[in-house]
Amino acid sequence: MNSGQIPPRLKRWIFIWTPVIWVVLELVLYPRNRPLSSGFANVMGGFVDKRIASYPAWTLWLATAALVVTEVLELRAHKKSARMASIVLAMAIVVFIWACAQMGFTRFDLFGRGSSYSWLFQTVLVVLAAVLVWSWGAANPERADLLVWNTREIWRIFRANWQGIIGLGILLFFSAMALLAPFLVNHAWLSPDASVTRTAFAPPSFHNYLLWFGSDEQGLSVFAEFVWSSRISLFVGLLATVITTVVGAGAGIFTGYYAGWIGEFGMRITDVFLVLPWLPFAMVLAAAWGQNYAIIVLIIAVTSWAGTARIVRAQSLSVKELAFVERARAIGSSDVHIMRKHILPNVMPLIVANAVLTVAIAVFAETTLSFLGLGDPLNFSWGTMLEHVFDTGATEVPTATAYLLAPGIAVVLVVLACNLIGTAIDEVVDPKLRKREESRGESRFTDAAAAPSGALDLARVGVETGGRGGRGDDGGTADLA
Amino acid sequence: MDKRRYFTRKILNAVLTIILVAAFNFMLFRILPGNPARLLLPKGHYSTIAIAQQKKIFHLDKPLWEQFGYYWVDTAEGNFGNSYAQHEPVVQVVGRAIVPTLVLVGTGTLFATVIGIVVGVFAGWRRNGTFDIASTNLGMVLYSMPTFWVAMIFILYFSVKLGWFPSGRMLDVGVTYTSFIGKAGAFLHHLFLPALVFAITYAAEYELIMRSSITSVMKEDFILTARAKGVSDTRVLWGHVAPNAMLPSITLVMMNFGFVLSGAILVETVFNWPGLGLLSYNSMLERDYPVMQAVFLLASAAVILCNLIADIMYYYLDPRVKA
């Protein structure tokens with residue numbers, strides 16, 4: 001390997017981020033009942049416990065399929081060096097064996113949780129991924145250099161926006177709480193017989209950390225519920241965002257690129273999903289499909305992909321008209337190639353900014369659906385906690401104020417943080433919005449109508465409202481633009 | 001664009017979308033797992049006779065494409081079957097719930113619009129002033145709050161702690177009102193909190209839109225002209241800036257009104273307000289599919305209709321469309 005070619009900064013990043021990512025992934029799988037008080041050796045043992053929880057088998061099958069498909073596509077286009085191809089194939093094989101081990105080769109379990117040595121597979125994968133990035137950097141030193149430079153530039157602009165930094169801070173705080181939950185509170189405090197107080201709705205007390213937010217209707221610790229809820233709420237929000245963004249962006253680019261009857265037909269379907277009132281729709285789906293978090297994720301994705309699709313479509317319609325697309329077509333590039341290599345990179349900033357806002361929508365939607373009793377009855381999320389508050393009549397009990405406030409404030413902070421980050425990313429993407437320019441102190445909201453893409457921004461605000469009900473699209477304004 | 005072509009296009013679009021939504025509604029309730037005849041029956045009533053009867057009502061014994069035909073006829077006739085939770089035709093159950101929802105949502109939207117537009121105008125007029133920064137940040141926070149959570153806090157504070165307002169329902173149970181005025185007063189007393197919650201959460205959104213719209217209008221040349229002519233600040237604001245900036249807000253208000261049911265579900269559930277929202281919540285809990293189907297269709301039609309109205313209003317409000 002010709003390591004001398006890699007930009008030194010990329011090398012440093014690989015060395016720093018690989019362990020960080022490994023730790024984060026390990027924390028996701030960490031056993032639920034090994035608090036810090038159980039001793040250093042026991043806690044460290046948790047990282048390599050062979051019976052720790054693991055990813056559902058179907059996600060691993062999906063990952064295998066995705067790896068193989070990208071690999072075949074890249075090999076057909078002769079894009080990759082043989083070394084990178086073999087690394088990706090090795091990753092695919094590792095994931096495949098992992099998925100098989102998960103299910104014992106025969107049993108198909110949507111949430112296979114009985115596997116062993118997940119940490120080992122995971123470690124191998126993380127190392128392979130690091131090697132992959134390394135060899136990519138070695139094979140394309142110029143592009144790696146550009147990537148490093150671009151990332152630093154983006155971070156420099158983002159850093160200048162104090163609102164974005166606050167949002168990032170809030171999000172990091174709650175992510176840390178979610179990841180470190182096993183160390184903060186033992187999961188055993190959530191079981192129905194683990195009451196901390198004899199009475200229901202005990203007021204908060206600072207002598208015992210379990211009683212920081214008081215106790216609930218069964219005398220269980222609200223603090224314990226609060227901490228463990230963050231896992232479900234954030235995870236569901238994140239997963240729903242990934243699916244929404246991939247489906248929405250795909251549909252948007254596709255309908256934008258094929259403007260003929262295919263695009264028109266796709267647009268009609270998108271329109272139908274835009275006008276479906278999301279909450280009644282979600283309630284119907286939840287009532288029919290059942291109640292667990294995989295289904296909630298699916299429901300959020302089904303009800304919110306159309307908003308992303310509409311915004312991405314508007315942008316790809318204008319990108320498609322640019323000269324370099326025509327040039328690409330003239331020299332005989334295929335449609336798939338043009339969409340992947342020319343349109344996708346140009347709508348990418350918009351997709352990223354929109355994805356951050358989608359996290360807000362998804363967290364909001366999860367809270368709402370759980371509040372209506374459509375969540376997983378066996379797990380806690382902030383929405384489920386609020387459902388308990390409402391169902392048990394705790395709103396009428398003054399000592400239960402903290403029980404009502406804590407989960408709500410958490411949701412508000414996370415949603416607010418996502419909106420702040422979205423605003424900051426918009427500034428990075430669109431130089432017109434930056435503070436240094438003539439428009440001082442402007443945010444996305446402030447300049448929505450002034451920007452050339454006014455109608456589009458309005459549409460986005462409409463989409464953002466989704467959580468509350470106005471997943472509105474602006475037929476009128478879009479026509480004007 | 002010429003008027004007739006614009007209207008025809010918009011109306012055709014709306015009709016087409018309604019047809020697609022109705023078709024989707026048909027599929028939605030027939031691709032659900034399980035036997036549709038069973039889904040349309042309450043739990044524990046799965047007797048063969050009941051199922052056969054249900055199949056006959058919904059033509060489920062016919063092939064799928066024939067069912068599709070019957071579905072259109074039934075929908076056009078308003079035959080959605082019987083609600084099994086309330087043992088009445090669905091049309092009656094839904095019909096009874098429409099007015100309370102319209103009153104609640106209408107009042108809420110009215111307040112939200114007025115508050116949002118006025119605050120937005122002042123915030124946009126003095127950009128980055130104290131009032132602007134305070135109101136915009138407050139708006140962002142309110143905008144991030146779940147409606148039902150605000151509603152619960154209000155109940156805890158205003159009706160439990162202070163006892164100023166009742167915590168739910170449209171009228172008190174077991175009280176007979178002697179005079180019409182007494183009844184109306186009690187109704188308004190009950191209406192206040194839910195409408196306020198509704199107004200607060202939507203006002204934030206309208207304020208943010210109005211503010212951005214004001215800012216963009218203030219950069220226009222005709223504002224400069226007005227100032228050059230020596231028009232006073234107040235007149236520039238209310239005579240030139242505000243009317244021109246109103247357009248996006250009005251459109252948004254109109255379109256949100258279509259999505260009203262989504263918001264109403266949460267507010268009505270918390271306040272036990274007997275409207276469409278509470279009806280859809282209860283029918284979901286009881287798996288009352290006939291009612292769910294009707295409410296879902298109604299809600300989608302409302303969105304499409306409001307979009308159409310917004311488009312038509314646009315034609316009259318914005319001269320650029322006519323050009």
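**Entry 1. Chain B, overall**

I started with chain B and looked up how much of it is buried: 54% is not its figure, since buried residues make up 51% of its 323 residues. The model is a predicted one, and I read every value below with that in mind. I counted the secondary structure of chain B next and got 14 helices and two strands. I then looked at contacts in chain B with a separation of 6 or more. Residues 24 or more positions apart account for 72% of them. Chain B exposes about 15,100 Å². Carbon and sulfur atoms supply 67% of that area.

**Entry 2. Chain A, overall**

I took chain A through the list of lookups. It has 18 helices and zero strands. Of its 481 residues, 54% are buried. I looked up contacts between residues at least 6 apart in sequence, and 71% of them join residues at least 24 apart. The accessible surface of chain A comes to about 21,200 Å². Carbon and sulfur atoms hold 68% of it.

**Entry 3. Domains of chain A**

I pulled the domain assignment for chain A. It gives domain 1 as 1–139 and domain 2 as 141–481. How many residues of domain 1 are in contact with domain 2? I found 24 residues of domain 1 in contact with 20 residues of domain 2. The area buried between the two domains of chain A is about 2,000 Å². Carbon and sulfur atoms give 68% of this buried area. On the domain 1 side, I noted that Leu27(A), Arg32(A) and Trp136(A) lose the most area to domain 2. Together these three make up 31% of what that side buries. I searched for salt bridges between domain 1 and domain 2 of chain A, and the count is zero.

I also checked Glu142(A), which lies in helix 6 of chain A, residues 141–159. Is Glu142(A) buried or exposed? It counts as exposed, because its relative accessibility is 63%. Glu142(A) and Pro7(A) are 135 residues apart in sequence. In space, their C-alpha atoms are 8.6 Å apart.

**Entry 4. A nonpolar patch on chain A**

I looked for nonpolar surface. Ile16(A), Trp17(A), Val20(A), Ile21(A), Val24(A) and Val28(A) form a nonpolar patch there. Together they have about 500 Å² of accessible area. I picked out Val24(A) for a closer look. Val24(A) is in helix 1 of chain A, residues 8–29. Its relative accessible area is 32%, so Val24(A) is partly exposed. That value also clears the patch cut-off of over 30%.

**Entry 5. Salt bridges**

I searched the whole structure and found six salt bridges over all chains. Side chains of opposite charge can pair when their charged atoms come close. I went through several cases.

In chain A, Arg156(A) forms a salt bridge with Glu153(A). The closest N and O atoms are 2.6 Å apart. How many residues separate the two in helix 6? They are three residues apart, so about one helical turn separates them. Arg156(A) is partly exposed, because its relative accessibility is 40%. Glu153(A) is partly exposed as well, at 24%.

In chain B, I found Lys10(B) in a salt bridge with Asp311(B), with 3.7 Å between the closest N and O atoms. Lys10(B) lies in helix 1 of chain B, residues 3–30, and Asp311(B) in helix 13, residues 289–317. The pair therefore ties together parts that are 301 residues apart in sequence. I then asked about cover. Lys10(B) is buried, with a relative accessible area of 6%. Asp311(B) is buried too, at 9%.

Also in chain B, Asp233(B) forms a salt bridge with Arg227(B). I read 3.2 Å between the closest N and O atoms. Where does this pair stand on exposure? Asp233(B) is partly exposed at 38% relative accessibility. Arg227(B) is partly exposed at 37%.

Back in chain A, I noted a network of salt bridges. It links Arg268(A), Asp271(A) and Arg310(A).

How values were computed. Residues are numbered from 1 along each chain as its sequence is written. Chains are lettered from A and ligands numbered from 1 in the order in which they are written. This is a predicted model: local features need pLDDT of at least 70, side-chain atom pairs count only at pLDDT 80 or more; totals for chains, interfaces and linings use all residues. Side-chain values use heavy atoms; hydrogens and water are left out. Patches are made of residues with over 30% relative accessible area and no salt bridge: like charges are joined within 9 Å, nonpolar side chains (Val, Leu, Ile, Met, Phe, Trp, Tyr) within 5 Å. Accessible areas come from the Shrake-Rupley method with a 1.4 Å probe; for residues, only the protein chains shown count as cover. A salt bridge is a side-chain nitrogen of Lys or Arg within 4 Å of a carboxyl oxygen of Asp or Glu. Helices (H or I, at least four residues) and strands (E, at least two) are DSSP runs, numbered from the N terminus. Buried means under 20% relative accessible area, exposed over 50%, partly exposed in between (1.4 Å probe, protein chains only). Contact means heavy atoms within 4.5 Å. Domain bounds come from an automatic or database domain assignment. Buried area is the accessible area (1.4 Å probe) that two parts lose on being put together, summed over both.
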